[in-house]
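Here is a run of questions and answers on one protein model. Keep the sequence and the coordinates open while you read.

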Amino acid sequence: MESEGNMSNQDIARRAEIELSFAGVKTAKQLRPYLISVQYTDEEDGDLDDLQIRIQDRDSAWLQSWLNDMTVQAAKGSFKIRAAINRQNWAGKGIDDRLDCGEFELDTVEASGPPAIVTLKATGLPFAGSVRQTKKTRSWESYTLSGIANEIAGESGLGCMYLSSSDPGYDRLEQYRQSDMQFLGRLCKNAGLSVKATDRMLVVFDRGQFEQREPVRTIRKGGGYIKYSLPLRKGDAQYSSCRVSYTDPLTGKCIEGIARSGEGGQRLELKVKVQSSGEARRIAENQLKLHNTFSLAPRFTLPGDPILLAGNTVELDKWGAFDGRYIINKAVHKVDNGGYTTQVQLRRA
């Protein structure tokens, strides 16, 4: 969130306004009569952040003119869209704040009807970039994880933020018919880290370190939310141990590592190429934690709040077995005729 500390007239009703720029040109004012909704999805790990804009097109202005101009520009190169949500006098006292959603690349356009609606979908990672689509086969020798992340980002013209005190080193790795994003995602999961792409930036971060941060908000039963859902997933999401193993095809030697969180119960079996039993055990510990994390997955829809972003923590209070600290796994910020709402999907910290 980018907070600018602006002030509004504290006597006006609270409201949320959208800022949009198409190919560097501010368009929110011209779009206002046509705009149905703007939705920004912020993902904690793996999936791409995205932006969806729905526009009514009763007079066919978009389909017959503006849309054609946009696709012509997109054909000459990537078509960039920037978006932000401004809250004005939201909590009273004339205080404003702002959620800068970032820059996105136009991915798909869909016209549908009746009623006539045009939907623009944009993604936080360029479709044309090799990091997302191109399958590669290559070797990495004497690299750290941060070094791999920085090189992959640089090859695609992206920035890189490495937010972890842990930085595993590798004597040799094989990237076989995988996109750079798939390859980096696998390495990060095995290291107990997360990677996401947002606003032309690859961000690698430590889930454990993020979980230790103070909650940005307490969601207490009885008020402050619009609706909730509290699913409890039990059974195949819960494991008492994890075994990571690898059999060297040349020597036939089996390398394995086992991590335990309890006695009995189900064991998670994973085949991963490793170089030592210590590496296998570290991967087993991280994978056991990752798989057991998602047994509780509360979802809340709340009045729009820019501070509710993926990776931030919240506290649940007076929800019985669901009480405790959670990480925001996904946050969907939406502005439409009904106002500004934020839907969060949580995982246990």
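Q: How much space lies in the largest pocket?
A: The model is predicted. Rolling a probe the size of a water molecule over the atoms shows where empty space is left. For the largest pocket, that space comes to about 680 Å³.

Q: Which residues that line the largest pocket are the closest to its centre?
A: The lining counts 26 residues. Those closest to the centre of the pocket are Tyr170, Leu173, Lys273, Val274 and Glu279.

Q: Which element gives the largest share of the lining of the largest pocket?
A: Three elements give two or more residues to this lining: strand S10 (169-178), helix H5 (180-190) and helix H7 (277-293). The largest share is six residues, and its source is S10.

Q: Which strand gives the most to the largest nonpolar core?
A: This core has 28 residues. Leu20, Phe22, Leu51, Ile53, Trp62, Ile81 and Leu120 have the most contacts inside it. Several elements supply at least two residues each, including strand S1 (15-22), helix H2 (61-75) and strand S6 (97-112). With four residues, the top contributor is S6.

Q: How many residues are in the other core, which lies apart from the largest one?
A: Its members include Ile148, Leu158, Tyr162 and Leu193. The count for this core is 23 residues.

Q: Why is one side of strand S16 and of strand S17 left without a neighbour in the sheet?
A: The sheet is open and mixed, with three strands in the order S16-S15-S17. Strand S16 (254-260) and strand S17 (267-271) stand at the edges, so one side of each has no neighbour in the sheet. The reason is that each has a single partner strand.

Q: In which sense do strand S15 and S17 pair?
A: Strand S15 covers residues 241-247 and is joined to S17 over five bridges. Cys242 stands opposite Leu268 in S17. The sense of the S15 and S17 pairing is parallel.

Q: Is Leu346 buried or exposed?
A: Leu346 sits in strand S21 (residues 339-348). Beyond its neighbours within four places in sequence, Leu346 is in contact with residues including Leu296, Phe300, Val314, Tyr326 and Ile328. Its relative accessible area is 2%, and the cut-off for burial is under 20%. Therefore Leu346 is buried.

Q: What distance separates the C-alpha atoms of Leu346 and Asn329?
A: Along the chain, Leu346 and Asn329 are 17 residues apart. Asn329 is also among the contacts of Leu346. Their C-alpha atoms are separated by 5.2 Å.

Technical notes: Residues are numbered from 1 along each chain as its sequence is written. This is a predicted model: local features need pLDDT of at least 70, side-chain atom pairs count only at pLDDT 80 or more; totals for chains, interfaces and linings use all residues. Side-chain values use heavy atoms; hydrogens and water are left out. Buried means under 20% relative accessible area, exposed over 50%, partly exposed in between (1.4 Å probe, protein chains only). Contact means heavy atoms within 4.5 Å. Two strands pair if DSSP finds at least two bridges between them. A nonpolar core is a set of buried Ala, Val, Leu, Ile, Met, Phe, Trp, Tyr and Cys residues joined through side-chain atoms within 4.5 Å. On a 1 Å grid over the protein atoms alone, a cavity is a set of points where a 1.4 Å probe fits but cannot get out, and a pocket is an open set with protein on both sides within 12 Å along at least five of seven lines; lining residues have an atom within 4 Å of a point. Grid points are joined across faces, edges and corners, and a volume is the space filled by probe spheres set on the points.
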